[in-house]
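Student: I have a model open and would like to talk through how its ligand is placed. Could we take the terms one at a time and check them?

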Amino acid sequence: MTAPGGMRRRQLLTAGLAGLALVDAAPTAALAQACAATDSLRRLAAQKGLVYGTTIAAWQILHDPPFIRLVEQQAGLVVPENDMKWQDINRGRPGDDDYSRADAVAGFAVESGMALRGHNLLWYFRTPPWFFTLPDRKAKEGAVIAHITALAGRYRGIVHSWDVVNEPIEPRDGRPDGLRKAVFLEALGPGYLDLAYRLAHETDPAAKLVVNEYNVELDAPEHETRRVVLLELLQRMRQSGTPVDAVGIQAHLHAVGGPPFAADRFRRFLADIAALGLTIEITELDVSDEEAPADIARRDRLVADTYRRFLDVALDEPAVKVVVTWGLSDRHSWIVRHETDRSRWRKDGLPSRPLPFDAELRPKPAFAAIAEAFAHAPARTPG
Ligand code: G3I
């Protein structure tokens, strides 16, 4: 599989945000008109020193050109949703890796002049089954080193930022340090974090190294504990000289249900991260609508409001440099594909509508909400 050549960026109309006032309660035609009359999310973000991006997959590059054209129009950065995960690359035996899909995404980013996020070098949840059967610590450490060296090395110089360890904390596991009791910690001890970040830095010194986490934005005791534990981990990493550059905040949000968004606490949390000298990337933003009403206009309004409330706070913090939505169109979303927990599926069986564009690639109120948030965001130094 090779990355497609010859795709030209579409010329974007740059008539400013005038059309967006139409968008709030507007039907699709007006939304499309408003979208056509305004900048792309990429350009609106760039005007404020931000980078806007989305997930893609290699098969979409090959088989869904209209979607890919939308990505080229709207995004300044892409991240493979699944194609760089260890278990997805590996064919079932140590070192037997197939990089063709990861190569296709990386090639697309380079050819399209987009930044590339690397997701991810280590994630307990997508670790090849054979890793668990390796005989001892030495063998497991060797496999981790070989994997990080090969994957980060293959894309050296072209990755904007790597999620080096994805989801390293889990306070509910009961450790005093709040680290997740999962495969790498159990195999190598808490020092696996330092090993992974140092190795990633040696292998690709230009890439920003990210700790990527979820559930740190709501006004719930569990989220507050996770904020505290994550900050403590970052402080330890900074003190010990572990090379970490940024925090990835996944931000898989819900339009309705659950604890409220903790605007003030979240604002303080972002400031605390910035005070450690780290930048911040919103890495997996989407809004599920499983408890929102069936009516599409109302549902889309609730989803858009959730994007707006979150981004208004997040973008107030100048250390936030990147915003990635976990997909661009409802055509390709893990929520719509029901790759979420069953409790998060809509009970009425209607397809979810979590992203800025609908399944027909038409802009939704969520698009306007994100565009407005970018337009109103304070300018920052790009990072
Ligand atoms: O590709 C196979 C297909 O061949 C097969 O027929 C089908 C049957 O289930 O499965 C397909 O694979 C699925 C894959 O996504 C591609 O769609 C897997 O079952 C499914 O488990 C996998 O889910 C992904 C999940 O991570 C686990 O890797 C989601 O797409 C992806 O959105 C999700 O992303 C994660 C981030 O990496 C980390 N943060 C949380 C986020 C959401 O869980």
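Tutor: What follows is a short talk about the pocket and the ligand in this predicted model.

Student: How do you know that the ligand sits in the largest pocket?

Tutor: A molecule sits in a pocket if more than half of its atoms lie within 2 Å of the grid points. The space that the ligand takes is the largest pocket, so the ligand meets that test. The volume of this pocket is about 1,200 Å³.

Student: Which residues and elements line the largest pocket?

Tutor: There are 44 lining residues, with Tyr-214, His-252, Trp-334, Thr-340 and Arg-344 nearest the centre. Two or more residues each come from strand E3 (115-123), helix H11 (221-240), strand E7 (252-254) and helix H13 (296-314). By class, the lining has 16 nonpolar, twelve polar and 16 charged residues.

Student: What makes Lys-85 a polar contact of the ligand?

Tutor: The cut-off is 3.5 Å between N or O atoms. A polar side-chain atom of Lys-85 is 2.7 Å from a ligand oxygen, so the pair counts. His-119 has a polar side-chain atom 2.6 Å from an oxygen of the ligand, and for Asn-82 the value is 3.0 Å, so these pairs count too. As for cover, the protein takes up 57% of the 790 Å² of accessible area that the ligand has on its own.

Student: Which residues of the shell come nearest to the ligand?

Tutor: Glu-81, Lys-85, His-119, Glu-284 and Glu-339, out of 16 around the ligand. That shell divides into four nonpolar, five polar and seven charged residues.

How values were computed. Residues numbered from 1 in each chain as written. Predicted model: local features only at pLDDT ≥ 70, side-chain atom pairs only at ≥ 80, totals over all residues. Heavy atoms only, no water. 1 Å grid on protein atoms, 1.4 Å probe; cavity = no way out; pocket = protein on both sides within 12 Å on 5 of 7 lines; lining within 4 Å. Points joined across faces, edges and corners; volume = space filled by probe spheres on them. Helix = DSSP H or I, 4+ residues; strand = E, 2+ residues; numbered from the N terminus. Nonpolar A, V, L, I, M, F, W, Y, C, P; charged D, E, K, R; others polar. Near = heavy atom within 4 Å. Polar contact = N/O pair within 3.5 Å; in protein donor to acceptor, adjacent residues only side chain to side chain. Areas by Shrake-Rupley, 256 points an atom, 1.4 Å probe, with all protein chains shown as cover.
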